[in-house]
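New to this one? Here is a short walk through how its pieces are held together.

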Amino acid sequence: MRLLACLMILSASGIVLADSTSCADKFELYAKAQTTWQYDSAKRAIQLLPEYAERINHYRDTQLLSIERRVLAVKLALKHTPDKVQTWGSINNWIDLSPELEAELAQYDPNLSTLSQMHKKMTTQPEIEVDNNFHRTFQTAALSDDAFRQLMDNFNLRSRDINSMSCEK
């Protein structure tokens with residue numbers, strides 16, 4: 001009975017008991033955690049700073065597009081050029097998506113080029129008109145808010161859990 005309770009707790013916490021998983025699945029878990037963090041943190045930030053909702057949503061959407069792009073790039077690289085994915089370190093550093101590698105991977109799936117063009121457009125458009133105090137105001141409001149810090153702690157814990165998993169290419 002104790003074992004069953006322990007397994008249920010571990011399962012609910014998101015901890016994976018398997019010895020290993022595929023690196024593509026591991027990256028998917030990380031992308032899901034990032035996506036959840038982007039939605040939850042943006043929602044809380046807008047509650048704290050509703051006057052900056054447009055800017056916060058733009059940042060969230062840019063990050064979500066970046067996550068989607070990297071997921072596709074890692075999947076393609078793991079399938080077609082696994083030697084270019086360094087799975088031994090932090091997931092953030094698995095792939096160096098240089099223009100050369102991106103062009104190579106886009107040959108396998110043209111959606112990567114589309115996502116990259118959309119990402120470039122979002123990151124190069126002029127900043128949304130707001131006062132220059134946004135970053136300072138955001139940091140002060142977010143870092144002093146217990147709910148926002150809890151979201152950040154949850155994401156960091158989940159990231160550490162995922163990073164500690166072993167995987168096989």
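Search the whole structure, which is a predicted model, and you'll find one disulfide. Its partners are C23 and C167, with 2.1 Å from S to S. The link is right-handed, with 85° about the S-S bond. C23 sits in helix 2 and C167 in strand 2 (residues 167–168), so the pair ties together parts that are 144 residues apart in sequence. As for their surroundings, both C23 and C167 are buried.

Now for the nonpolar cores. The largest one has 32 residues, and W94, I95, L105 and L112 have the most contacts inside it. Five helices each supply at least two of its residues:

| Helix | Residues |
|---|---|
| Helix 2 | 23–48 |
| Helix 3 | 53–80 |
| Helix 4 | 99–106 |
| Helix 5 | 111–124 |
| Helix 7 | 146–164 |

Helix 3 gives the most to this core, with ten residues. There's also a second, separate core of seven residues, with A45, L49, F134 and A141 among them.

L112 is worth a look. Setting aside neighbours within four places in sequence, L112 is in contact with R69, L72, A73, L76, E102, L105 and A106.

How do helix 4 and helix 5 meet? Their axes come within 7 Å and cross at roughly 140°, and the two helices are therefore oblique to each other. Helix 4 brings E102, L105 and A106 to the contact, while helix 5 brings L112, S113 and S116. Sort the residues of that contact by type and you get three nonpolar, two polar and one charged.

Definitions and conventions. Residues are numbered from 1 along each chain as its sequence is written. This is a predicted model: local features need pLDDT of at least 70, side-chain atom pairs count only at pLDDT 80 or more; totals for chains, interfaces and linings use all residues. Side-chain values use heavy atoms; hydrogens and water are left out. A nonpolar core is a set of buried Ala, Val, Leu, Ile, Met, Phe, Trp, Tyr and Cys residues joined through side-chain atoms within 4.5 Å. Buried means under 20% relative accessible area, exposed over 50%, partly exposed in between (1.4 Å probe, protein chains only). Helices (H or I, at least four residues) and strands (E, at least two) are DSSP runs, numbered from the N terminus. Contact means heavy atoms within 4.5 Å. Axes are lines fitted to C-alpha atoms, for helices over the stretch in contact, and angles run from 0 to 180 degrees between N-to-C directions. Angles under 35 degrees count as roughly parallel, over 145 as roughly antiparallel, 65 to 115 as roughly perpendicular and the rest as oblique. Ala, Val, Leu, Ile, Met, Phe, Trp, Tyr, Cys and Pro count as nonpolar, Asp, Glu, Lys and Arg as charged, and the others, Gly among them, as polar. A disulfide is a pair of cysteine sulfur atoms within 2.5 Å.
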